[in-house]
Amino acid sequence: AAVNDGDELLEATPRPDVAGVLRAAEGIVRTVRRRSPGTVVIFLEMFLRDDPEAARVLKTGSEAWRDTPTGEAIGWYHEVGPRLHRHVCRRYGLAQFNLVPA
C-alpha cells in the first residue's frame, strides 16, 4: 500500500495540517502493526516529477500539484514530507529509503 501525503500538504497550502499528516502517518504504522504484526513497514521518498507542463497536459497528479509553483511543490515533497517521515521512522524504528537525487 502507498500513501501520498505530499498532495495533502500541497492542497492545504498556505496552512497545511502538518500535525495532522504526522498523526495520520503514525496511525497507519500503528494500525499495520496491530493488524499484521509480521508486515514490514518502510517509508519511501520518491522523486517529484519536475515537468509541470507534462503534468498539466497529461493531467497527472493532483490539481494542487498542477496549480503550485514547482519550487514550492518540491519543498513540500522533498523537504517537509521526508522530515515528517524521518520523525515517524525514528519513533517506531522503521526504515526510510530516499530515492530523491541529492
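Q: In what order do the elements of the protein run from the N terminus on?
A: This is a predicted model, and its secondary structure comes to five helices and two strands. Read from the N terminus on, the elements go α-α-β-α-α-α-β.

Q: Which element of the protein has the lowest mean pLDDT?
A: Let's start with the overall picture: the protein averages a pLDDT of 79, and 63% of the residues score at least 70. Where pLDDT is low, the predicted coordinates should not be read in detail. Among the elements, strand E2 (residues 95-98) has the highest mean, 94. The lowest mean, 56, belongs to helix H3 (residues 52-58).

Q: How many bridges join E1 to E2?
A: E1 covers residues 42-45, and the two strands run parallel. One of the pairings puts Phe 43 opposite its bridge partner in E2, Gln 96. The number of bridges joining E1 to E2 is four.

Q: Which side chains along E1 point to one face and are buried?
A: In a regular strand the side chains alternate between the two faces of the sheet. E1 shows that alternation, with Ile 42 and Leu 44 pointing to the face where side chains are not buried. Pointing to the other face, and buried, are Phe 43 and Glu 45.

Q: Is Ile 42 buried or partly exposed?
A: Ile 42 sits in strand E1. Buried would call for under 20% relative accessible area. Ile 42 has 42%, so it counts as partly exposed.

Q: What is the area of the nonpolar surface patch that includes Ile 42?
A: Ile 42 shares this patch with Val 40, Leu 44, Met 46, Phe 97 and Leu 99. Two of its members, Ile 42 and Leu 44, point to the same face of E1. The patch comes to about 610 Å².

Q: Which two residues meet in a salt bridge?
A: A search of the whole structure finds one salt bridge. Its side chains come to 3.1 Å, N to O, and the pair links distant parts of the chain, helix H5 (residues 70-92) and helix H2, 65 residues apart. The two residues are Arg 91 and Glu 26.

Q: Which residue of the salt bridge pair, Arg 91 or Glu 26, is buried?
A: Arg 91 has 55% relative accessibility, so it counts as exposed. Glu 26 has a relative accessible area of 8%, and buried means under 20%. The buried residue is therefore Glu 26.

Q: How far apart in space are Cys 89 and Val 29, C-alpha to C-alpha?
A: Cys 89 is found in helix H5 and is buried, with a relative accessible area of 5%. Leaving out residues up to four places away in sequence, it touches Phe 43, Leu 94, Ala 95 and Gln 96. Cys 89 and Val 29 are 60 residues apart in sequence, while their distance in space is 9.4 Å.

Q: Which residues does Arg 33 touch, not counting residues up to four places away in sequence?
A: Arg 33 has its place in helix H2 (residues 18-35). At 36% relative accessibility, Arg 33 counts as partly exposed. The residues touched by Arg 33, with that sequence limit, are Tyr 92 and Leu 94.

Q: What percentage of the residues of the protein count as buried?
A: The accessible surface of the protein comes to about 6,800 Å², and carbon and sulfur atoms own 55% of it. The protein has 102 residues, and the share that counts as buried is 35%.

Terms used. Residues are numbered from 1 along each chain as its sequence is written. This is a predicted model: local features need pLDDT of at least 70, side-chain atom pairs count only at pLDDT 80 or more; totals for chains, interfaces and linings use all residues. Side-chain values use heavy atoms; hydrogens and water are left out. Patches are made of residues with over 30% relative accessible area and no salt bridge: like charges are joined within 9 Å, nonpolar side chains (Val, Leu, Ile, Met, Phe, Trp, Tyr) within 5 Å. Accessible areas come from the Shrake-Rupley method with a 1.4 Å probe; for residues, only the protein chains shown count as cover. A salt bridge is a side-chain nitrogen of Lys or Arg within 4 Å of a carboxyl oxygen of Asp or Glu. Buried means under 20% relative accessible area, exposed over 50%, partly exposed in between (1.4 Å probe, protein chains only). pLDDT is the predictor's confidence in each residue, from 0 to 100. Two strands pair if DSSP finds at least two bridges between them. Contact means heavy atoms within 4.5 Å.
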